[in-house]
Amino acid sequence: MNSTFLNLNSSDFIKGLIMAVLSTVITVVYQTVEAGSLTFDWKSIGTMALTTALAYIMKNLFTNSAGKLFAKEEN
């Protein structure tokens, strides 16, 4: 079930965590291929994960249960 406008449920946080992990892994793999060596910048990885999770949760907070951004619930 989708959360209503200005409300979040537990699935929003779980999906945000999944998005944070996936986007961070993809970014690290991309940077590794570009640099040609496997090095980890933990501060950069943490920042990427946190900003991705927060962006996803904020998007869900401002989306109603019909998937419309910045729209109140339709009755």
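**View 1. Leu-6, in the segment before helix 1, is partly exposed in this predicted model.** Its relative accessibility is 48%. That value lies between the 20% and 50% cut-offs, so Leu-6 counts as neither buried nor exposed. The backbone deserves a look here. Leu-6 has a positive phi of about 65°. Leu-6 is not a glycine.

**View 2. Phe-70 also has a positive phi without being a glycine.** Its phi is near 55°. Phe-70 belongs to the segment after helix 2. At 61% relative accessibility, Phe-70 counts as exposed. The cut-off for that class is over 50%.

**View 3. Lys-68 sits in the segment after helix 2 and is partly exposed.** Its relative accessibility is 43%. Leaving aside residues up to four places away in sequence, Lys-68 touches Phe-62, Thr-63 and Glu-74. Ile-57 provides a distance marker for this view. Lys-68 and Ile-57 are 11 residues apart along the chain. Their C-alpha atoms are separated by 15 Å.

**View 4. Met-58, in helix 2, is partly exposed.** Relative accessibility is 47% for Met-58. The second marker in this view is Asn-75. Along the chain, Met-58 and Asn-75 are 17 residues apart. From C-alpha to C-alpha, 23 Å separates Met-58 from Asn-75.

**View 5. Thr-27 of helix 1 is shown with Thr-52 of helix 2.** Thr-27 lies in helix 1 and is partly exposed at 22% relative accessibility. Buried would require a value under 20%, so Thr-27, at 22%, is not in that class. In sequence, Thr-27 and Thr-52 are 25 residues apart. In space, their C-alpha atoms are 11 Å apart. Both residues belong to the contact between the two helices.

**View 6. Helix 1 and helix 2 cross at roughly 140°.** Two packed helices are described by the angle between their axes and the distance between the axes. Helix 1 covers residues 10-35, and helix 2 covers residues 42-61. Their axes come within 8 Å. The angle makes helix 1 oblique to helix 2. Roughly antiparallel would need an angle over 145 degrees. The crossing is right-handed.

**View 7. Side by side, the contact residues of helix 1 and helix 2 are shown.** Helix 1 contributes Asp-12, Phe-13, Lys-15, Gly-16, Met-19, Ala-20, Ser-23, Thr-24, Thr-27 and Val-28. They meet Ile-45, Met-48, Ala-49, Thr-52, Ala-53, Tyr-56, Ile-57 and Asn-60 of helix 2. By class, the contact has 10 nonpolar, six polar and two charged residues. Among the residues from helix 1 are Asp-12 and Lys-15.

**View 8. The whole protein has two helices and zero strands.** The radius of gyration is 16 Å, well over the 11 Å that the globule rule gives for 75 residues. The protein is therefore more spread out than a compact globule. Along the principal axes, the C-alpha atoms fill a box of roughly 55 × 20 × 15 Å. Of the 75 residues, 21% count as buried. Contacts with a separation of 6 or more come in 65% of cases from residues 24 or more positions apart.

How values were computed:
Residues numbered from 1 in each chain as written. Predicted model: local features only at pLDDT ≥ 70, side-chain atom pairs only at ≥ 80, totals over all residues. Heavy atoms only, no water. Axes fitted to C-alpha atoms, helices over the stretch in contact; angles between N-to-C directions. Helix = DSSP H or I, 4+ residues; strand = E, 2+ residues; numbered from the N terminus. Parallel < 35°, antiparallel > 145°, perpendicular 65-115°, else oblique. Left-handed = near helix turned anticlockwise from the far one by under 90°. Contact = heavy atoms within 4.5 Å. Nonpolar A, V, L, I, M, F, W, Y, C, P; charged D, E, K, R; others polar. Rg over C-alpha atoms; globule rule 2.2 N^0.38 Å. Buried < 20%, exposed > 50% of the residue type's maximum accessible area, 1.4 Å probe, protein only.
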